[in-house]
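Me: Could you zoom in on one part of this model for me and talk me through what sits there? I'd like one connected walk rather than a list.

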Amino acid sequence: MSQSNVVRIEAQRANQNPALWQALCSREDLVANSGVVAWHEGAQVALFHLPDSQDKTLYAIDNRDPKSGANVIGRGIVGSLKGELVIASPLYKQHFRLEDGSCLEYPEQCLRVWPVRLNGDVVEIGVSSAG
């Protein structure tokens with residue numbers, strides 16, 4: 001297993017069991033099948049609410065497009081490619097998996113993802129105890 005795969009697996013485990021949950025916004029702030037952007041610890045986080053999804057219905061991913069450097073991912077189009085839920089960057093049209101932030105076309109590009117959940121009417125984002 002490559003070092004990058006190990007890092008990705010460790011990050012996924014951390015995302016499944018964050019040390020703490022912090023309120024980010026309310027359910028009312030979400031737009032179904034679209035992105036909204038929130039500020040969290042110095043980063044813009046794009047939130048995608050997919051109420052008709054079979055699995056997860058809420059995703060939190062970095063809003064900064066790694067190719068252009070522009071904060072535009074929250075304006076991208078949600079879709080499905082090869083059975084994966086993705087967001088298409090509005091500038092260069094590369095596709096990022098909502099689950100882990102990896103780019104389908106350019107493996108060297110990756111967006112940070114955060115654990116996120118609905119707790120009643122509050123959207124909470126997972127944070128580490130070290131933060």
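Reply: **A close look, starting from one histidine**

Let's start at His-49, which lies in strand β3, residues 43-49. (Strands are DSSP runs of E at least two residues long, and helices are runs of H or I of at least four, both numbered from the N terminus.) Before going on, keep in mind that this is a predicted model, where local features need pLDDT of at least 70 and side-chain atom pairs count only at pLDDT 80 or more, while totals for chains, interfaces and linings use all residues. Numbering runs from 1 along each chain as its sequence is written, and side-chain values use heavy atoms, with hydrogens and water left out.

Back to our histidine. His-49 counts as buried because its relative accessibility is 13%; buried means under 20% relative accessible area, exposed means over 50%, and partly exposed is what falls in between, using a 1.4 Å probe and protein chains only. Leaving aside neighbours within four places in sequence, His-49 is in contact with Leu-30, Val-31, Ala-32, Asn-33, Ser-34, Thr-57 and Leu-58, contact being heavy atoms within 4.5 Å. With Thr-57 there's something polar too: the His-49 side chain reaches the backbone oxygen of Thr-57 at 3.5 Å. (A polar contact is a pair of N or O atoms within 3.5 Å; within protein one must be able to donate a hydrogen and the other to accept it, and residues adjacent in sequence count only if both atoms are side-chain atoms.)

Another histidine takes us to a sheet. His-95 in β7 stands opposite Ala-88. Strand β6, residues 84-88, is joined to β7 by three bridges, and the two run antiparallel; pairing here needs at least two DSSP bridges between the strands. The open sheet has three strands in the order β5-β6-β7, with antiparallel pairing. β5 (77-81) and β7 (95-97) each have a single partner strand, so each edge strand has one side without a neighbour in the sheet. On average, neighbouring strands of this sheet are turned by 40° against each other, direction ignored; axes are lines fitted to C-alpha atoms (for helices, over the stretch in contact), with angles from 0 to 180 degrees between N-to-C directions.

Moving on from β7, Ser-102 sits in the loop between β7 and β8 (113-114). Ser-102 is buried at 10% relative accessible area, and its side chain makes a polar contact with that of Asp-100 at 2.8 Å.

Finally, the cysteines. The disulfide count is zero, taking a disulfide as two cysteine sulfur atoms within 2.5 Å. Cys-103 is in no disulfide, and the nearest cysteine sulfur, on Cys-110, is 8.8 Å away. Cys-103 is buried at 5% relative accessible area, and Cys-25 is buried at 16%.
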